Amino acid sequence: MFSSLFRRFSSPCSDRRLEPRGTEVDGHVFIDGEAYPLKDWSRRGFSAGAYGAEHYPGDKIALTVELNVEGAALAFDCRAVVVWVDRERRELAGVFTDLDLRVQEKIMRALFAQRADAQNLGAPLHA
């Protein structure tokens, strides 16, 4: 615990999340029938903008996700727990509790292949 706390305050990186996040996400999440644009995505969770519903941290929510992955539409249902809501910035973040691993791997490969191409990092990721 002490070492993780030390890394948090000594790291030069401003983003200290444990999981890498894809921020070039083309899609929406539907919560209670309302569409919200995705802000970012990771293996563990997501955040969405333009949020106006009345959820609170700890709420369990059912989502429908619609993404454009590798030029194709991908839609699926999953579940998450709300971890934070910023009413001022109109954002919500959640951690997945029920998401098909095959779907998640497909999304992550596409997001990080995009990042590698954009940053000219070399060989593409393989399926």
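This report describes the nonpolar core, one buried helix residue and two loop residues of a predicted model.

Residues are numbered from 1 along each chain as its sequence is written. Local features need pLDDT of at least 70 and side-chain atom pairs count only at pLDDT 80 or more, while totals for chains, interfaces and linings use all residues; side-chain values use heavy atoms, with hydrogens and water left out.

The largest nonpolar core (buried Ala, Val, Leu, Ile, Met, Phe, Trp, Tyr and Cys residues joined through side-chain atoms within 4.5 Å) comprises 30 residues, and W41, F46, L63, V65, F76 and I107 have the most contacts inside it. At least two residues of this core come from each of strands 1 to 6 and from helix 2. Helices (H or I, at least four residues) and strands (E, at least two) are DSSP runs, numbered from the N terminus. Setting aside residues up to four places away in sequence, L63 is in contact (heavy atoms within 4.5 Å) with F30, I31, F46, F76, D77, C78, A80 and F96.

Q104 lies in helix 2 (residues 101-118). Q104 has a relative accessible area of 4% and is therefore buried; buried means under 20%, exposed over 50% and partly exposed in between, with a 1.4 Å probe and protein chains only. Beyond four places in sequence, Q104 touches W41, S42, R43, R44, F96 and L99.

Two loop residues other than glycine have a positive phi.

| Residue | Loop | Phi | Relative accessibility |
|---|---|---|---|
| D32 | between strand 1 and strand 2 | near 55° | 61%, exposed |
| A50 | between strand 3 and strand 4 | near 55° | 41%, partly exposed |
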